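Here is a short report for a reader meeting this structure afresh. Look at the model first, then read on.

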Protein chains: 2
Amino acid sequence: MKREKSRPWRRVVALSGGVGGARLLHGLSRALPEGALTAVVNTGDDFEHWGLHIAPDLDTVMYTLADLAPFDGGERGWGLAVESFEALAMMRRYGAEDWFSHGDRDLATHLARTRALRAGGSLTDVTARLAGALGVRTRILPMSDAPCPTLVETDRGTLPFQQWFVRHRCPPVRAIRFDGAAPPTAHVLRALDEAELVVIGPSNPYVSIDPILRLSGVREAVARRPVVAVSPLVGGKAVKGPLAEMIPLLAGEPPSTAALGRHYRGLLGGLVVERGDEAGLPLPALATSTVMRSRDDSRRLAGELLDFAATLP
Amino acid sequence: MKREKSRPWRRVVALSGGVGGARLLHGLSRALPEGALTAVVNTGDDFEHWGLHIAPDLDTVMYTLADLAPFDGGERGWGLAVESFEALAMMRRYGAEDWFSHGDRDLATHLARTRALRAGGSLTDVTARLAGALGVRTRILPMSDAPCPTLVETDRGTLPFQQWFVRHRCPPVRAIRFDGAAPPTAHVLRALDEAELVVIGPSNPYVSIDPILRLSGVREAVARRPVVAVSPLVGGKAVKGPLAEMIPLLAGEPPSTAALGRHYRGLLGGLVVERGDEAGLPLPALATSTVMRSRDDSRRLAGELLDFAATLP
């Protein structure tokens with residue numbers, strides 16, 4: 001896509017799961033002109049809890065872009081940096097399920113979203129309203145307005161994503177299944193059609209990115225655009241989450257960026273990987289430092305990614 | 001009802017609104033043998049807010065009996081003594097209505113109640129479950145399992161109770177109206193039928209007690225039992241709330257315990273009033289200190305009330 005570095009990107013779409021994708025989005029939002037970036041976010045993890053509509057990846061993306069997420073470390077990667085858990089403690093007294101830790105401020109997001117959805121708003125509209133209220137200027141699009149749950153098949157049976165991920169702490173996976181035939185939103189398809197570049201964030205390909213790609217028409221729309229992915233692996237280990245354990249089970253090979261490249265075959269124009277992980281990749285790669293521990297890390301990585309994308313054919 | 005002081009009461013029903021009634025209930029629960037007291041609580045104030053079922057008087061009674069309410073003063077009379085307001089602050093950012101101040105722990109009560117009601121539980125069952133979880137041993141009965149909203153007619157139009165009381169801070173009242181024809185629960189009618197004594201707490205007669213009495217069959221059931229009320233007035237002023245302003249508007253006479261006695265005419269066997277407020281009462285009265293600023297105040301008042309009731313014919 002040979003592009004002068006000095007010419008700014010005007011339309012970039014980034015596919016994202018939770019923390020890793022959200023941090024890359026933060027960097028991209030600073031590296032790109034205002035209005036250029038659209039985030040398309042996995043909602044396969046969405047679920048109902050305490051009678052509320054929870055959208056974990058949308059929340060992580062929104063909080064991160066609003067500079068409310070715990071970016072620079074600390075013990076929690078998810079949720080809000082400043083948070084308390086008084087409602088949760090009281091819910092425990094009432095015997096409510098407490099395996100999903102709602103913070104008090106986070107709870108307000110779930111309440112506000114649930115009310116707005118019950119009042120008839122689409123998830124796309126409600127997300128725009130909540131993110132706008134928090135001062136986010138990047139457009140955040142849920143992949144779909146309809147429920148499209150990701151199901152994880154394990155020895156313990158088939159679990160909805162959050163049950164598998166949070167409640168049961170990622171027991172070994174036999175297969176990933178996607179329930180129903182929900183369509184992507186028209187906003188998502190239009191954004192992809194208009195994109196000069198699609199970025200696949202350093203999210204888990206099986207449970208964060210595939211849920212987006214599997215929606216009717218999305219993979220084809222992505223494949224028509226220049227695509228660069230950022231690897232979520234560093235030296236064969238996942239920066240966060242159970243990806244390294246999932247690759248052998250689902251792809252039948254050791255975890256590596258080469259395996260990741262094969263997973264996305266037919267889609268990628270280039271792959272951004274950790275320095276040292278570029279060996280044996282069958283496609284153009286940028287080897288750099290990919291771990292985003294700070295806003296500056298993510299800004300630098302985003303800039304390098306955009307420059308790399310501009311050099312691709 | 002001539003009763004030896006040494007013989008314990010076995011079945012006492014107390015009608016209650018919010019703070020005043022709840023504090024008397026606390027005293028009665030300590031003065032009576034375990035299992036003897038049943039609270040019948042006004043639900044005319046119940047409303048939906050943030051998509052949650054809020055029952056202000058049930059909550060005040062439950063928190064007070066669970067020793068979680070701010071009993072001994074402080075700036076708040078309602079809610080939980082130890083409370084934070086993080087979710088509320090976040091809801092403000094989302095532009096949610098914030099005239100009703102949900103605390104974070106209080107919010108858990110609303111969430112737990114709302115979920116249990118949506119799952120098909122009756123308000124009676126749900127109240128028993130929540131109160132039980134907080135260690136309350138007194139039986140708390142909502143007056144009805146169906147919505148029976150109290151409406152306040154004012155110069156600004158007809159307002160649901162909480163809108164009038166909290167949001168608009170009690171503009172002058174033209175009339176009180178009760179919506180619909182909800183029945184009391186069978187539990188309430190049975191408790192009244194079996195009661196050796198009915199206590200009317202020091203709650204606002206128009207908007208806390210009348211909503212209970214107006215339910216089909218309740219006034220008649222109460223009238224068949226010995227009844228003692230505690231006046232919510234001290235020297236013609238209300239201990240809390242807008243009662244003193246309401247009496248001239250609704251009864252056409254100055255606020256006084258005599259006016260209160262006339263309001264409950266046909267029901268009362270005796271009235272407990274503040275010392276000095278007993279003049280001109282047309283029924284047996286106990287003059288004592290009625291303001292409950294502490295658990296000891298309420299325990300003493302409850303004991304005096306029970307002894308007084310035992311002397312009534």
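## The axis and the two copies

D104(B) comes closest to the rotation axis of all the residues of chain B, with its C-alpha at 3.1 Å. The model is a predicted one. Chain B superposes on chain A by a rotation of 180 degrees, with 0.0 Å of shift along the axis and an RMSD of 0.0 Å. The two copies are thus related as by a two-fold rotation axis.

Next comes the surface through which the chains meet. Of the interface residues of chain B, 100% are also interface residues in chain A, so the copies meet through the same surface.

## The interface

The contact draws 27 residues from chain B and 27 residues from chain A. Together the chains bury about 2,400 Å². Carbon and sulfur atoms hold 67% of that area. In chain B, the residues that lose the most area to chain A are M90(B), R93(B) and Y94(B). These residues together give 27% of what that side buries.

Polar links are listed next. The rule finds 0 salt bridges across the interface of chain B and chain A. It finds 2 residue pairs in polar contact there, both at pLDDT 80 or more.

Four elements of chain B give two or more residues each to the side that touches chain A: α2 (56–65), α3 (86–93), α4 (104–118) and α5 (123–133). The largest share, 9 residues, comes from α4(B).

The table sorts the residues on this side by class.

| Class, side of chain B that touches chain A | Count |
|---|---|
| Nonpolar | 18 residues |
| Polar | 3 residues |
| Charged | 6 residues |

## A covered helix

Now to a helix of chain B. How many of the residues of α8(B) are buried? The helix spans residues 205–213, and 9 of its 9 residues are buried. Among them are P205(B), Y206(B), V207(B) and S208(B). I209(B), D210(B), P211(B), I212(B) and L213(B) are buried as well.

The N-terminal end of α8(B) has a cap, N204(B). A side-chain oxygen of N204(B) lies 2.9 Å from the backbone nitrogen of Y206(B).

## A histidine in chain A

One residue of chain A deserves a look too. H49(A) lies in strand β3 of chain A, which covers residues 47–49. Is H49(A) buried or exposed? H49(A) has a relative accessible area of 5%, which means that it is buried, since the cut-off for buried is under 20%.

What does H49(A) touch, leaving out residues up to four places away in sequence? Its partners are I54(A), E97(A), W99(A), F100(A) and H102(A).

Note on methods. Residues are numbered from 1 along each chain as its sequence is written. Chains are lettered from A and ligands numbered from 1 in the order in which they are written. This is a predicted model: local features need pLDDT of at least 70, side-chain atom pairs count only at pLDDT 80 or more; totals for chains, interfaces and linings use all residues. Side-chain values use heavy atoms; hydrogens and water are left out. Contact means heavy atoms within 4.5 Å. Buried area is the accessible area (1.4 Å probe) that two parts lose on being put together, summed over both. A salt bridge is a side-chain nitrogen of Lys or Arg within 4 Å of a carboxyl oxygen of Asp or Glu. A polar contact is a pair of N or O atoms within 3.5 Å; within protein, one must be able to donate a hydrogen and the other to accept it, and residues adjacent in sequence count only if both atoms are side-chain atoms. Ala, Val, Leu, Ile, Met, Phe, Trp, Tyr, Cys and Pro count as nonpolar, Asp, Glu, Lys and Arg as charged, and the others, Gly among them, as polar. Buried means under 20% relative accessible area, exposed over 50%, partly exposed in between (1.4 Å probe, protein chains only). Copies are superposed by least squares on the C-alpha atoms of residues with pLDDT of at least 70 in both.
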